[in-house]
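Biologist: Please take a close look at one charged side chain for me, along with whatever it pairs with. After that, work outwards to the rest of the fold.

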Amino acid sequence: AISQGNAEKLLKGYMVSSVNEWGADQTRILLLTNEAIHRVKYNFGSDSVTSWHTTKLSSIIRVEYGSFQAAGSSFTTFMWRREIEDQQGFRIFTSQRDGKKSINEVVSEDVVPALEGEAAGAAKERPKKEEFFREYRALLAEEEPWKEEVLMLEVVAALQSIKIMTNSTFDIRLTKMVKN
């Protein structure tokens, strides 16, 4: 029960595939509490936590869940469209960056201005990014894609419960998520 005292309470934990800013799947433990979502990198060989990231519920803007849709027409999309569109998962959008810049952000923010002749520190005023997301899918579901739907729906139900019990204001919505 969340109402007992002011201490943070663990409500649910999941083994997930967290997709980092470079598009790589990483095995993580996702811990849902009455105050935050914790993403934990755990080394099972040494029985130790090697990294820990906390996202406060108050910094969550929204949660999107559903199936993925391949973005536009690129070589990657051409080669992997079927695999992309068979996947399901969820994204947690926050007001703060959760990790490092993606390759697309590095290129658009650093490389392109340099190629356009902008001196370091003299870049044009660019709009500041207002939201960031981290993507999650079921761990080891490549051979059994039905696992992704089960995990996705269970996590969304848990987040909806947390939202109600903590009076959080983030939005939860079903959508087709574009996968670059």
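Modeller: With a relative accessibility of 26%, E131 counts as partly exposed; on this scale buried is under 20% relative accessible area, exposed is over 50% and partly exposed is in between, using a 1.4 Å probe and protein chains only. Keep in mind that this is a predicted model: local features need pLDDT of at least 70, side-chain atom pairs count only at pLDDT 80 or more, and totals for chains, interfaces and linings use all residues. Residues are numbered from 1 along each chain as its sequence is written, and side-chain values use heavy atoms, leaving out hydrogens and water.

What does E131 pair with? Its partner in a salt bridge is R62, and the closest N and O atoms are 2.8 Å apart. E131 sits in the loop between α2 (103-115) and β7, while R62 belongs to strand β5 (residues 60-70), so the pair ties together parts 69 residues apart in sequence. A salt bridge here is a side-chain nitrogen of Lys or Arg within 4 Å of a carboxyl oxygen of Asp or Glu, and helices (H or I, at least four residues) and strands (E, at least two) are DSSP runs numbered from the N terminus. Unlike partly exposed E131, R62 is buried, because its relative accessible area is 12%.

The pair isn't on its own, either. R62, E64, E131, D171 and R173 are linked in a network of salt bridges. Within that group, D171 bonds to R173, with 2.9 Å between the closest N and O atoms. D171 is partly exposed because its relative accessibility is 32%, and R173 is likewise partly exposed because its value is 37%.

Stepping back, a search of the whole structure turns up 8 salt bridges. One of them is R91 with E135, where the closest N and O atoms are 2.9 Å apart. That one joins strand β6 (R91) to strand β7 (E135), distant parts of the chain with the two positions 44 residues apart. R91 and E135 are both buried.

Those two strands come up again at the cavity. The structure has 1 cavity of 30 Å³ or more, with a volume of about 80 Å³. A cavity is a set of points on a 1 Å grid where a 1.4 Å probe fits but cannot get out, and lining residues have an atom within 4 Å of a point. Among the lining residues are R39, D98, F132, F133, R134 and Y136. β3 (36-43), β6 (88-94) and β7 (132-138) each supply at least two of the lining residues, and β7 gives the most, with 4. By type, the lining has 5 nonpolar, 2 polar and 3 charged residues; Ala, Val, Leu, Ile, Met, Phe, Trp, Tyr, Cys and Pro count as nonpolar, Asp, Glu, Lys and Arg as charged, and the others, Gly among them, as polar.

On the outside, M165 of helix α3 (residues 146-166) is partly exposed because its relative accessibility is 48%. M165, L11 and I164 make a nonpolar surface patch with about 280 Å² of accessible area together.

For the overall layout, count 3 helices and 9 strands, running β-β-β-β-β-α-β-α-β-α-β-β from the N terminus. Of the 180 residues in the protein, 38% are buried.

Key: On a 1 Å grid over the protein atoms alone, a cavity is a set of points where a 1.4 Å probe fits but cannot get out, and a pocket is an open set with protein on both sides within 12 Å along at least five of seven lines; lining residues have an atom within 4 Å of a point. Grid points are joined across faces, edges and corners, and a volume is the space filled by probe spheres set on the points. Patches are made of residues with over 30% relative accessible area and no salt bridge: like charges are joined within 9 Å, nonpolar side chains (Val, Leu, Ile, Met, Phe, Trp, Tyr) within 5 Å. Accessible areas come from the Shrake-Rupley method with a 1.4 Å probe; for residues, only the protein chains shown count as cover.
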